Amino acid sequence: LPCRVEAQALVHLLAEFPDASAWISFSARDGAHTCHGERLADCAAWLDACPQVAAVGVNCTAPRYIPDLVRAIRSATQKPIVVYPNSGEVYDAARRNWRGSGLCATFAEQAREWYACGARIIGGCCRTTPDHIRALAAWARHLPPPAAPVIEAK
C-alpha cells in the first residue's frame, strides 16, 4: 500500500469479516516514509491497535531501505514484521533497460540484516526471481528454529 488511508480502509473492511485476519505492508520511498510521505512508524503504530492485523511490513521497496524501515516498524509494534523488497534494480526509461545489481546472493546476504533487525516473514517482490527465493530459502534453512512461547499459569 502506498499510504495509511488505504490501510485504514482495509482495516475497516476487515471488521465486516470478524474471522479474517491480514497483514498490511507498505511501499516506501526511503528509509522512513511510505510512498505517499507518511512516517512508516506512525502507520505501524496505528495498525498495532488493530487486532485483525496479524503482521505489518514493507514491500516493493529497494533492499537498501529495508533495515531502517524494519527498525521503524519495530519501534511502533510487536506484531511480526513482513518484508518483501524488490530486487533493487532501477528502470532507466531513456535507455529502456534496468540498471543496478539484482544478484540473488546479494539479496540473500541482505536478508541477514533484515532478520537481525526484526523481520520474520521475508520474500521478494518486483524483479525478484525464483532464484532469489531459492537463495533466501538456503539461507533460512540455517536459522535456529523459533523458540516456543512461554506460557505461565497465574
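User: I would like to start in helix H5: what separates Asp-131 and Arg-134 there?

Analyst: About one helical turn separates Asp-131 and Arg-134, because they sit three residues apart in helix H5. Keep in mind, as we go on, that this is a predicted model.

User: And what do the side chains of Asp-131 and Arg-134 do?

Analyst: Here is the general idea. Side chains of opposite charge can pair when their charged atoms come close. In this structure, the side chains of Asp-131 and Arg-134 form a salt bridge, at 2.6 Å from N to O.

User: Which of the two counts as exposed, Asp-131 or Arg-134?

Analyst: Anything over 50% relative accessible area is called exposed. Arg-134 has 52% relative accessibility, so it counts as exposed. Asp-131 has 42%, so it counts as partly exposed.

User: How many salt bridges does a search of the whole structure find?

Analyst: It finds five. Another one of them joins Asp-68 and Arg-71, at 2.8 Å from N to O. This is a nice pair to practise on: Asp-68 and Arg-71 are three residues apart in helix H3, which means about one helical turn lies between them. Asp-68 is partly exposed at 41%, and Arg-71 is partly exposed at 41% relative accessibility.

User: What distance should I read for the salt bridge between Asp-42 and Arg-39?

Analyst: The side chains of Asp-42 and Arg-39 meet at 3.2 Å, N to O. Asp-42 is partly exposed, at 35% relative accessibility, and Arg-39 is also partly exposed, at 45%.

User: Let's turn to how helices pack. At what angle do the axes of H4 and H5 cross?

Analyst: When you read a helix pair, look at the angle, the distance and the residues that touch. The axes of H4 and H5 cross at roughly 45 degrees and come within 8 Å. Angles under 35 degrees would count as roughly parallel, so H4 and H5 are described as oblique to each other. The crossing of H4 past H5 is right-handed.

User: Which residues of H4 and H5 meet?

Analyst: From H4 come Cys-104, Phe-107, Ala-108, Ala-111, Arg-112 and Tyr-115, and they meet Asp-131, His-132, Ala-135, Leu-136 and Trp-139 in H5. You already know Asp-131 from its salt bridge with Arg-134. Helix H5 also holds Ala-138, which is partly exposed at 34%. Ala-138 and Ala-108 show how sequence and space can be read side by side: they are 30 residues apart in sequence and 8.5 Å apart in space, C-alpha to C-alpha.

User: Are H1 and H2 roughly parallel or oblique to each other?

Analyst: Their angle is about 15 degrees, with the axes 10 Å apart, and H1 and H2 are therefore roughly parallel. H1 passes H2 in a right-handed crossing. In H1, Arg-4, Ala-7, Gln-8 and Val-11 meet Asp-42, Cys-43, Trp-46 and Leu-47 of H2.

User: Now for the inside. How many residues are in the largest nonpolar core?

Analyst: That core has 27 residues. Those with the most contacts inside it are Phe-26, Leu-47, Val-53, Ile-66, Val-70, Val-83 and Trp-114. Several elements supply at least two residues each, including helix H1 (4–14), strand E1 (22–26), helix H3 (66–74) and helix H5 (130–140).

User: What is Ile-66 in contact with, leaving aside its neighbours within four places in sequence?

Analyst: Ile-66 touches Val-58, Thr-61, Val-83, Pro-85 and Trp-114. In H3, the buried residues are Ile-66, Pro-67, Leu-69, Val-70, Ala-72 and Ile-73. Their cover includes H2, E2, E3, H4 and strand E6 (119–122).

User: One last feature is the backbone angle phi. What is phi near in Cys-60?

Analyst: Check the sign of the angle and the residue type. Phi of Cys-60 is near 45 degrees, which is positive in a residue other than glycine. Cys-60 sits in the loop between E2 and H3 and is partly exposed, at 28% relative accessibility. Arg-96 gives you another case, with phi near 55 degrees. Its loop runs between strand E4 (90–92) and strand E5 (97–99), and Arg-96 is exposed, with a relative accessible area of 69%.

Technical notes
Residues are numbered from 1 along each chain as its sequence is written. This is a predicted model: local features need pLDDT of at least 70, side-chain atom pairs count only at pLDDT 80 or more; totals for chains, interfaces and linings use all residues. Side-chain values use heavy atoms; hydrogens and water are left out. A nonpolar core is a set of buried Ala, Val, Leu, Ile, Met, Phe, Trp, Tyr and Cys residues joined through side-chain atoms within 4.5 Å. Buried means under 20% relative accessible area, exposed over 50%, partly exposed in between (1.4 Å probe, protein chains only). Helices (H or I, at least four residues) and strands (E, at least two) are DSSP runs, numbered from the N terminus. Contact means heavy atoms within 4.5 Å. A salt bridge is a side-chain nitrogen of Lys or Arg within 4 Å of a carboxyl oxygen of Asp or Glu. Axes are lines fitted to C-alpha atoms, for helices over the stretch in contact, and angles run from 0 to 180 degrees between N-to-C directions. Angles under 35 degrees count as roughly parallel, over 145 as roughly antiparallel, 65 to 115 as roughly perpendicular and the rest as oblique. A crossing is left-handed if the near helix is turned anticlockwise from the far one by less than a right angle, and right-handed if clockwise.
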